[in-house]
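This report describes a protein chain for a reader who works at the bench. Please keep the sequence and the structure in view while reading.

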Amino acid sequence: MTSSAGSPARSANWNLPNAITLARILIAPLFFWMLLADGGADGWLRWVAAALFIVAIATDGIDGHIARSRGLVTDLGKILDPIADKLLTSGALVCLSILGELPWWVTAIIVVREVGITVWRLVELRRGNVVPASSGGKLKTVMQSVAISFALVPLWTVLGVWIHWVNGVLMTVAVLLTLWSGLLYVRDAVRLARATPDGR
């Protein structure tokens, strides 16, 4: 579909990819409640919460693929998608720290990086500068999703306490990639600021 001027018409904001993204945001409070409800007792609510997180975080790739393949990328989607991802991952980390299963400094490093970079990208988007996810950022996102998923699923009740060692290694890699990708974005921010000294 094209506009009267002959240019492609802007995709409607309320399309399938954006609906999936919004569903992730709406699911987040339920996920938080399920994770904290039994106070770390590793009951059935913990398993359901972990499954809900895994399904929700997996839809990130699905809605992105649909949006790109069908030409449904919108400004609203560019704003909601990182908000949904950061809400789920940061919220999961905070809940794990509340339960005493993850050091608060780990949560602080990841959350501060995620919120800071997301705010910067949204500011640049309002200025008309689209900051795409870097290869390091994409790898970081995958590693965070894997590490958090392993931390959420109470596999130690089935496989034994040795799984905590695996969880520790995965979370350590996720933290290192978080810091590394954050430095890459800082580098990009400096370059962008130098390229547009007037801030426009």
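The following paragraphs treat the overall fold, the nonpolar core, the salt bridges, and several individual residues.

**Overall fold**

The model is predicted. Its chain contains seven helices and zero strands, and the order of elements from the N terminus is accordingly α-α-α-α-α-α-α. The protein has 200 residues, of which 42% count as buried. Considering contacts between residues at least 6 apart in sequence, 76% of them join residues at least 24 apart. The accessible surface amounts to about 11,000 Å², and carbon and sulfur atoms account for 70% of that area.

**The nonpolar core**

In soluble globular proteins, nonpolar side chains tend to be buried together. The largest nonpolar core of this model comprises 31 residues. Phe-31, Leu-35, Phe-53, Leu-88, Ile-148, Leu-152 and Met-171 are the members with the most contacts inside this core. At least two core residues come from each of H1, H2, H3, H4, helix H5 (135-152) and helix H7 (163-195). Helix H2 provides the largest share, namely six residues.

Phe-31 illustrates how the core is connected. Leaving out residues up to four places away in sequence, Phe-31 touches Ala-49, Leu-52, Phe-53, Leu-88, Ala-92 and Leu-152.

**A nonpolar patch on the surface**

Nonpolar side chains also appear on the outside of the model: Trp-47, Val-158, Leu-159 and Trp-162 make a nonpolar surface patch of about 440 Å². Trp-47 belongs to helix H2 (residues 44-69). With a relative accessible area of 35%, Trp-47 is classed as partly exposed, because that value falls between the 20% limit for buried residues and the 50% limit for exposed ones.

**Salt bridges**

The structure holds seven salt bridges. Three of them are listed below with the distance between the closest N and O atoms.

| Acidic residue | Basic residue | N to O distance |
|---|---|---|
| Asp-81 | Arg-24 | 3.0 Å |
| Asp-42 | Arg-46 | 3.7 Å |
| Glu-114 | Arg-113 | 3.2 Å |

Which parts of the chain does the salt bridge between Asp-81 and Arg-24 link? In this pair, whose closest N and O atoms are 3.0 Å apart, Asp-81 lies in helix H3 (residues 75-98) and Arg-24 in helix H1 (residues 16-37), so that distant parts of the chain, 57 residues apart, are linked. The two partners are covered to unlike degrees: Asp-81 is partly exposed at 22% relative accessible area, whereas Arg-24 is buried at 2%.

Arg-46, the partner of Asp-42, is likewise buried, with a relative accessibility of 1%. Glu-114 and Arg-113 are both buried as well. Salt bridges with shared partners join Lys-86, Arg-113, Glu-114 and Lys-140 into one network.

**Thr-178 and its surroundings**

Thr-178 is located in helix H7. Its relative accessible area is 0%, and Thr-178 is therefore counted as buried, the limit being 20%. Which residues does Thr-178 touch, if those up to four places away in sequence are not counted? They are Ile-110, Arg-113, Glu-114, Lys-140 and Gln-144. Among them, Arg-113, Glu-114 and Lys-140 also belong to the salt-bridge network described above.

**Asn-15, before the first helix**

Asn-15 occupies the segment before H1. Is Asn-15 buried or exposed? Its relative accessibility is 11%, and Asn-15 thus counts as buried. A polar atom of the Asn-15 side chain lies 3.0 Å from the backbone nitrogen of Asn-18. Apart from neighbours within four places in sequence, Asn-15 is in contact with Leu-72 and Thr-74.

**Gly-100, in a loop**

Gly-100 is found in the loop that runs between H3 and helix H4 (104-126). In contrast to the buried Asn-15, Gly-100 is exposed, with a relative accessible area of 64%. The C-alpha atoms of Gly-100 and Gly-40 are 8.6 Å apart in space, while 60 residues separate the two glycines in sequence.

**Summary**

The predicted model is thus a protein of seven helices and zero strands, with a largest nonpolar core of 31 residues and seven salt bridges. One salt bridge, between Asp-81 and Arg-24, connects helix H3 with helix H1.

Terms used: Residues are numbered from 1 along each chain as its sequence is written. This is a predicted model: local features need pLDDT of at least 70, side-chain atom pairs count only at pLDDT 80 or more; totals for chains, interfaces and linings use all residues. Side-chain values use heavy atoms; hydrogens and water are left out. A salt bridge is a side-chain nitrogen of Lys or Arg within 4 Å of a carboxyl oxygen of Asp or Glu. Helices (H or I, at least four residues) and strands (E, at least two) are DSSP runs, numbered from the N terminus. Buried means under 20% relative accessible area, exposed over 50%, partly exposed in between (1.4 Å probe, protein chains only). Contact means heavy atoms within 4.5 Å. Accessible areas come from the Shrake-Rupley method with a 1.4 Å probe; for residues, only the protein chains shown count as cover. A polar contact is a pair of N or O atoms within 3.5 Å; within protein, one must be able to donate a hydrogen and the other to accept it, and residues adjacent in sequence count only if both atoms are side-chain atoms. Patches are made of residues with over 30% relative accessible area and no salt bridge: like charges are joined within 9 Å, nonpolar side chains (Val, Leu, Ile, Met, Phe, Trp, Tyr) within 5 Å. A nonpolar core is a set of buried Ala, Val, Leu, Ile, Met, Phe, Trp, Tyr and Cys residues joined through side-chain atoms within 4.5 Å.
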